[in-house]
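Trainee: I have this one open for the first time. Can you walk me through it?
Mentor: Yes, let us look at it together.

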Amino acid sequence: DLTIFSTATPKEMTAWVADCHALASAMRGGTKPILAAIKGVAVGGGLEICLHADIRFADAGAKLGQPEINIAFIPPVAGTQALTRLVGRSAAFRMLYTGEIMDAEAARAIGLVDMVSDPGAVDGDVRDFAAKLARRPANALASIRRCLIDGGSLNFEDGMAVEAAEAGKLAAHPNFKEGID
């Protein structure tokens, strides 16, 4: 129901968008891998939440899109920023300018989703992938997230500095010695 937005003042909308940004920042700032299982229709805010996941799995029958243009709005859950970084500038412009809904295979083709599961298998595929991650060192997974999320939004030199700092932390951890041994 979008009627609540039609009566919101600019100040109220700005506060609401700030809350949305806080959610996106919390997701991106976490240390644990985030996996998204997309089933049915994921549009607008629902898809935007998925944009902040590390890896997105979609059911073969899923439909995805950012139709905010149809209500003269933009994706406010840091969607403009995440989408551009995920699918590139041209694909982001196409999605946001047209508001078109795409199927899972089209979403995979542009990098919006990483894996398309057989019908009804997406939950199992996500669980299987999560089980593989659970066998990996948590501190190394957290460092990979920092390098890709924080470093990936910086220029190359500054991104390498994030990588160097994370490598230094990992080298001092007992997991690294155990891994080498």
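Mentor: What follows goes from the whole chain to the core, the sheet and one helix pair.
Mentor: This is a predicted model, where local features need pLDDT of at least 70, side-chain atom pairs count only at pLDDT 80 or more, and totals for chains, interfaces and linings use all residues. Residues are numbered from 1 along each chain as its sequence is written, and side-chain values use heavy atoms, with hydrogens and water left out.

Trainee: How many helices and strands are there in the protein?
Mentor: The protein has 10 helices and six strands. These are DSSP runs, numbered from the N terminus: helices are H or I with at least four residues, strands are E with at least two.

Trainee: And what share of the residues is buried?
Mentor: Buried residues are 31% of the 181. Buried means under 20% relative accessible area, with a 1.4 Å probe and protein chains only.

Trainee: Which residues of the largest nonpolar core touch the most other members?
Mentor: Ile-38, Leu-47, Leu-64, Leu-83 and Leu-112, out of 22 residues in that core. Such a core is a set of buried Ala, Val, Leu, Ile, Met, Phe, Trp, Tyr and Cys residues joined through side-chain atoms within 4.5 Å.

Trainee: Where does the largest share of this core come from?
Mentor: From H5, with four residues.

Trainee: What is Leu-64 in contact with, leaving aside neighbours within four places in sequence?
Mentor: Its contacts (heavy atoms within 4.5 Å) include Ile-38, Leu-47 and Leu-112. Ile-101, Met-102 and Asp-103 are also among them.

Trainee: Switching to the sheet, what is the strand order?
Mentor: The order is S2-S4-S5, in an open sheet of three strands with mixed pairing. Strands pair if DSSP finds at least two bridges between them. S2 (41–43) and S5 (101–103) are the edge strands.

Trainee: How many bridges join S4 to S5?
Mentor: Three, and the two strands run antiparallel. Gly-65 stands opposite Ile-101 in S5.

Trainee: Last topic: at what angle do H2 and H8 cross?
Mentor: At roughly 135 degrees, with the axes of H2 (residues 10–29) and H8 (residues 138–150) coming within 10 Å. That makes H2 oblique to H8. Axes are lines fitted to C-alpha atoms, for helices over the stretch in contact, and angles run from 0 to 180 degrees between N-to-C directions. Oblique is what remains after under 35 degrees (roughly parallel), over 145 (roughly antiparallel) and 65 to 115 (roughly perpendicular).

Trainee: Which residues make the contact?
Mentor: Met-27, Arg-28 and Gly-29 of H2, and Arg-145, Arg-146 and Ile-149 of H8.

Conventions:
Buried < 20%, exposed > 50% of the residue type's maximum accessible area, 1.4 Å probe, protein only.
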